[in-house]
Amino acid sequence: MKKILAILLSAVLMLSAAGCSSNKPSVPEDMISGEDIILSREDEEPLVSQSEYPDTDDSEALESSSSSESSSSSQSAALSESSSSSQAPSSQAESSSSPSQPERAPESSEEPEPESASPTISGEVRAIWISYLDLAPMIKGKSKSQFQSNIGAAFDDCADLGLNTVIVQVRPFADALYDSAYFPWSYLVNSGNIEGKSPGYDPLQVMVSAAHSRGLKIEAWINPYRVRANGSKVSLCDDNQAQQWLDEGSDNVVEFNGGIYYNPAREEVQDLIVNGVEEIVSNYDVDGIHFDDYFYPSPDNSFDSAAYKEYKNAGGGKSLGDWRRSNVDTLVKRVYKAIKSIDSSCTFGISPQGNRSNNWSHQYIDVEKWVTNTGYVDYICPQIYWGYNNSSAPYQSVLEEWNDLIGVSKVKLYVGLAAYKIGNSESDFINNSNMMKRQVVSAREQSRYQGFALYRYDSLFNPDAGCRSQVAKELKNLESILD
């Protein structure tokens, strides 16, 4: 009888833990081990029907493909940079021998609470990311009035929670959810997955008006280099600059590992991206421009070998890694200058991965330079997507590391939080219902802290059935400190 009861109890616990993810494809295994996640947030995105949104289930492949490069290529990349005068930041997540499945803490009827909730921070940014995955069902094939209703309801959710900023993805794949002179209409705005086809209205203008009418700030979220993700079946239209460069045989655009990317080394590419930013800031009353964690798609030397060879032949002395980082630095600095020349009050921020080693050696971005010098960013929003008990990257330690990294008063720290993990990934997020609240309270204790951002809208407001109760508790707890 005891054995039967034990088996039944075990089954109940397993079903309870799996409930949140029962309606989703399984989350990819952590790339180090167990809970030691080092990749970008989009590697854990739920898949979306490929027949309707061809890019939405493949966009996350960038990081997994780059991070799964053979150890030999990773070692050679590291060796090629060893002579560099710049020093790579120390890794936040080291390899461990923990099992491939997260070790769950014992269930508890009482969840740990912060000893005392710190007072709110004056001017605190309380943001949420609204990705193209969130926007697709709101906008795809919808009329202007339907989209106004859908996005209005979404913004109402945000405002009702106590948030004050929406970060909306308006250029996910070198396309536009707005009327652009440089980028074609996104395939996401029409029901036929056809790039370059106008929906008959301007979605970004609708979103700006809807946000401001509710007292929300709105930032335009851009992916600067990504044109198509690995496996995308959506054709580039003839008017797409990327297609035109491909037709010309120019390496301004690189087809790599099944995806298509702009080449960060080419000045024409930088001009295109900067022009696109200027266009948004000039034509729309946005409160900010936002880049996320997609820069170089791979550490593979072949990605931009021709451009690097030209650089070396012209007398350039930088290692491949330093050269790539300098290419991104140039773009970031140009974007910042362009924004401020049009509207000094418009902010520019970047949300890199929480793991600084990945940023340095896979994304080829020198975050430390950006946050210790003026003229690059107004804020940095690292994606600190781990719990307090993560064995390789515990939230508190990573938070403090990012806070201490900032060296100039003009650069603010926002903290990216993993709302998408609630109830379905990593033991802290499975066994507790107050993670968002606790992590915000912890962040408020940091000297550089000025805000947080939640990833992402659907994770909080359209969760799977198995997660709804836990998400509702998370929202209630978070709301209690957003007075």
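How many bridges pair strand 4 with strand 6 (residues 259-262), and in which sense, parallel or antiparallel? Strand 4 and strand 6 pair over 2 bridges, in the antiparallel sense. This is a predicted model, where local features need pLDDT of at least 70, side-chain atom pairs count only at pLDDT 80 or more, and totals for chains, interfaces and linings use all residues. Residues are numbered from 1 along each chain as its sequence is written, and side-chain values use heavy atoms, with hydrogens and water left out.

**View 1. The whole chain holds 17 helices and 11 strands.** Helices (H or I, at least four residues) and strands (E, at least two) are DSSP runs, numbered from the N terminus. Of the 483 residues, 57% count as buried. Buried means under 20% relative accessible area, exposed over 50%, and partly exposed in between (1.4 Å probe, protein chains only). Take the contacts in the chain with a separation of 6 or more: residues 24 or more positions apart account for 77% of them. A contact means heavy atoms within 4.5 Å.

**View 2. A closed barrel is built from 8 strands.** The strands run 1-2-3-7-8-9-10-11, with parallel pairing. Two strands pair if DSSP finds at least two bridges between them. Strands of a sheet pair through backbone hydrogen bonds, either parallel or antiparallel. Helix 4 (residues 132-139) packs on the sheet. Helix 4 touches strand 1 (125-130) and strand 2 (165-171), and its direction makes about 65 degrees with that of strand 1. Axes are lines fitted to C-alpha atoms, for helices over the stretch in contact, and angles run from 0 to 180 degrees between N-to-C directions.

**View 3. Strand 11 joins strand 10 and strand 1 in the barrel.** Strand 10 (residues 412-417) and strand 11 (residues 449-454) run parallel, joined by 5 bridges. V415 stands opposite F452, and G416 stands opposite A453. Strand 1 also runs parallel to strand 11, through 4 bridges. There, V125 has G451 as its bridge partner. Strand 11 is mostly covered, with 5 of its 6 residues buried.

**View 4. Strand 8 links strand 7 and strand 9.** Strand 7 (residues 288-291) and strand 8 (residues 347-350) run parallel, with 4 bridges between them. H290 stands opposite G349 in strand 8. Strand 9 (residues 379-380) runs parallel to strand 8, and 2 bridges join them. Here G349 stands opposite Y379.

**View 5. A 3-strand open sheet has the order 4-6-5.** Its pairing is antiparallel. Strand 4 (226-228) and strand 5 (253-256) stand at the edges, each with a single partner strand, so one side of each is left without a neighbour in the sheet. On average, neighbouring strands of this sheet are turned by 30 degrees against each other, direction ignored. R228 has I260 in strand 6 as its bridge partner.

**View 6. D238 lies in the loop between strand 4 and helix 7 (241-248).** D238 is exposed, with a relative accessible area of 65%. P184 is 54 residues apart from D238 along the chain, and their C-alpha atoms are separated by 9.3 Å.

**View 7. Helix 17 (residues 468-479) has a buried side.** The helix has 12 residues and reaches 16 Å from its first C-alpha to its last. That is close to the 16 Å expected at 1.5 Å a residue; the expected span is 1.5 Å times one less than the number of residues. Its buried residues are Q470, V471, E474, L475, N477 and L478. They cover an arc of only 165 degrees around the axis, which puts them on the same side of helix 17. The arc is that of the directions from the helix axis to the C-beta atoms. The face turned away from the buried side carries the exposed residues R468, S469 and K476. Among the elements covering the buried residues are helix 5 (144-161), helix 15 (435-444) and strand 11.

**View 8. The largest nonpolar core has 111 residues.** A nonpolar core is a set of buried Ala, Val, Leu, Ile, Met, Phe, Trp, Tyr and Cys residues joined through side-chain atoms within 4.5 Å. Y262, I289 and W370 have the most contacts inside the largest core. Leaving aside residues up to four places away in sequence, I289 touches several residues, including E219, V277, I339 and F348. A second, separate core of 13 residues includes A127, I167, W221 and Y420.
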